[in-house]
Amino acid sequence: MAWCEATNDETKDFLCSLRWGDLSGELVMDIGCGMGYMSTKCILQRFPRVSEIVAIDKDPYCIHRSQMEFKNDSYKKVKFHCISITDMAELEPWKGKISKIFSFHCISFVRRQERAFRNMFELLIPGGQAALLFVLRSESDDVYLEMMKNPKWSRFFRHMNDRKILKLRESDPTYYSNMLKQIGFLVLFCREKIIEHVFYDDEECKDVIWESTLLENIPRELQDEFVEEAFSTFLTLHPRNEADAALKISD
């Protein structure tokens, strides 16, 4: 869970940087909530006085797990829904009713990003605000692009959008800032930050591969082999540091 903890730390730091008060009584939305123990939990801890968190994700499994695991009173303000941010028809009940939108580590995986941003704009009340945090490019992408090109593994990734990864690498904060302004947003803050993750041993790095959603595409009987090959590819592309003790990867 080391990687998840690091991601949660980034999310918490970002939430603490927002000067939004305590959001008392406000209806907010978490876009790309996953299984709830990351972004949604962080939002509720930071803003416990919200009236409700509408947590959406297009993955039925994630929503089912969230609904099963977050049943206690501490999460009674959270409502999980299996909805894609690109589907305005399903989002209609909240059109013009959301005061704050959060989205962490989600937009990178959305193919129709402009449509997603337009839908966010439609969801917000007049004067509403959105806070988006996502990976623009990552050195780990090199590893997965190489694995997807390998004939042994490519058949398991036919639905993966490698063009999307390459497109993200061509984008920058100005690209997104201009897109959001054209939609109608007033952009208060938009910048790129380099975050470095250090793996102190091989197993910690392999754990990240095990936690990757890409592994869901690999048959269980081949997953050990995939992890070992992905790790070997990682070492080839991103060698150890001078002390031969740690591996580094930048987002």
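Helix α6, running over residues 140-149, is mostly tucked under cover in this predicted model: 7 of its 10 residues are buried. The buried ones are S140, D141, V143, Y144, L145, M147 and M148. Stepping back to the whole protein chain, buried residues make up 43% of its 251 residues. The chain is built from 11 helices and 7 strands. Its contacts reach a long way along the sequence, too: take the contacts with a separation of 6 or more, and 78% of them join residues 24 or more positions apart.

Next comes the nonpolar interior. In soluble globular proteins, nonpolar side chains tend to be buried together. Here the largest nonpolar core has 26 residues, and the members that touch the most other members are M29, I85 and L123. Several elements chip in at least two residues each to this core. On the strand side these are β1 (27-31), β2 (52-57) and β4 (98-104); on the helix side they are α4 (88-91), α5 (113-123) and α9 (173-183). M29 makes a good example of how such a residue is surrounded. Leaving aside residues up to four places away in sequence, M29 touches V54, I56, L91, W94, I98, K100, I101, F102 and L123. Apart from the largest core lies another one, made of 22 residues, with F14, F47, V50 and F104 among them.

Burial is not just for nonpolar side chains, as E10 shows. E10 sits in helix α1, which spans residues 2-17. Its relative accessibility is 16%, and because anything under 20% is classed as buried, E10 counts as buried. Not counting residues up to four places away in sequence, E10 touches H105, L133, I195 and H197.

K206 tells a similar story in helix α10. With a relative accessible area of 13%, K206 is buried as well. Once residues up to four places away in sequence are set aside, K206 touches V227, E228 and F231. These three partners also turn up in the packing of two helices, α10 (residues 202-211) and α11 (residues 223-237). The axes of these helices are 10 Å apart, and the angle between them is about 120 degrees, so α10 and α11 are oblique to each other. In passing α11, α10 makes a right-handed crossing. On the α10 side, the contact is made by D202, C205, K206, I209 and W210. From α11 come Q223, D224, F226, V227, E228, A230, F231 and F234.

Finally, what about the cysteines? A disulfide is a covalent bond between the sulfur atoms of two cysteines. With a cut-off of 2.5 Å between the sulfur atoms, the count for this model comes to 0 disulfides. C33 is in no disulfide, and its nearest cysteine sulfur, that of C62, is 7.3 Å away. C33 is also buried, at a relative accessible area of 3%. C42 is likewise in no disulfide; for C42 the nearest cysteine sulfur belongs to C16, at 9.5 Å. C42 is buried too, with a relative accessible area of 3%.

Definitions and conventions: Residues numbered from 1 in each chain as written. Predicted model: local features only at pLDDT ≥ 70, side-chain atom pairs only at ≥ 80, totals over all residues. Heavy atoms only, no water. Buried < 20%, exposed > 50% of the residue type's maximum accessible area, 1.4 Å probe, protein only. Core = buried A, V, L, I, M, F, W, Y, C linked by side-chain atoms within 4.5 Å. Helix = DSSP H or I, 4+ residues; strand = E, 2+ residues; numbered from the N terminus. Contact = heavy atoms within 4.5 Å. Axes fitted to C-alpha atoms, helices over the stretch in contact; angles between N-to-C directions. Parallel < 35°, antiparallel > 145°, perpendicular 65-115°, else oblique. Left-handed = near helix turned anticlockwise from the far one by under 90°.
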